[in-house]
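Me: Please examine the chain shown below. I would then like to put some questions on its fold, its core and its surface.

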Amino acid sequence: MRTLRHLAGLLIGVVVTAAVLGGGGWAVQQALASAAITPPPPDNQKMWIALGAMAAVGLVVGLVVAGRISPLATFVPSMVLLAWTVVYALDTGRALSLIPDQASVHQVVLDAGAGDRTLLTTGVLALLGVVLFIPVLMPSRWSRPHDDLDDDDYETTREGGYY
């Protein structure tokens, strides 16, 4: 049963990674593009959609960090984000070359890549990587949750025993 929990955590980790890099990158790019309009219109739908997407990504990250699931759900995205940040620190050109920028790529992917560039160069991906790594360090996240039914089978006091 433990392996199924960790397999589910691995799959959730892949989804969280895609949400942070895809959804978060796209939302940042849309928000920056909307904020570049001078003066920004008060009913700017793109800005509201971008803020909603950022809130959704934040909700997913918060649920994974605070939830009682396998620590692999936070370990996978934390390693991706921290590894990309280390590559950026050691070889900026190589790290930025991982971002798609060809004209043949769909516009949504280009927007997400441009937003990821912003998140990477400002250090936000490093910050998120550290936040996602903290639950991995907690030993209670690796153990199986205790069942209340197992505690009923073990009796701690003796009836008529010595006092």
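**Fold, core and surface**

The chain holds eight helices and zero strands, where helices (H or I, at least four residues) and strands (E, at least two) are DSSP runs numbered from the N terminus. This is a predicted model, in which local features need pLDDT of at least 70, side-chain atom pairs count only at pLDDT 80 or more, and totals for chains, interfaces and linings use all residues. Residues are numbered from 1 along each chain as its sequence is written, and side-chain values use heavy atoms, with hydrogens and water left out.

Me: Which helix supplies the largest share of the largest nonpolar core?
Reply: A nonpolar core is a set of buried Ala, Val, Leu, Ile, Met, Phe, Trp, Tyr and Cys residues joined through side-chain atoms within 4.5 Å. The largest one has 16 residues, and V20, L21, V61, L81, W84, L120 and L125 have the most contacts inside it. At least two residues each come from α1 (2-35), α2 (45-66), α3 (72-90), α5 (107-122) and α6 (124-133). The largest share, four residues, is that of α1.

Me: With which residues is V20 in contact, leaving aside its neighbours within four places in sequence?
Reply: Contact means heavy atoms within 4.5 Å. With those neighbours left aside, the partners of V20 are G25, V57, V61, L81, D116, L125 and L128.

Me: Is T17 buried or exposed?
Reply: T17 lies in helix α1 and, beyond its neighbours within four places in sequence, is in contact with G22, V76, P77 and V80. The classes are buried (under 20% relative accessible area), exposed (over 50%) and partly exposed in between, with a 1.4 Å probe and protein chains only. Because its relative accessibility is 11%, T17 counts as buried.

Me: How are the buried residues of α6 placed around the axis?
Reply: The buried residues in α6 are L125, A126, G129 and L132. The arc they cover, taken from the directions from the helix axis to the C-beta atoms, is only 130 degrees, which puts them on the same side of α6.

Me: Which residues form a nonpolar patch on the surface?
Reply: Patches consist of residues with over 30% relative accessible area and no salt bridge (a side-chain nitrogen of Lys or Arg within 4 Å of a carboxyl oxygen of Asp or Glu). Nonpolar side chains (Val, Leu, Ile, Met, Phe, Trp, Tyr) are joined within 5 Å, and like charges within 9 Å. L7, in helix α1, counts as partly exposed at 45% relative accessibility. With about 380 Å² of accessible area together (Shrake-Rupley method, 1.4 Å probe, only the protein chains shown counting as cover for residues), the patch is formed by L4, L7, L10 and L11.
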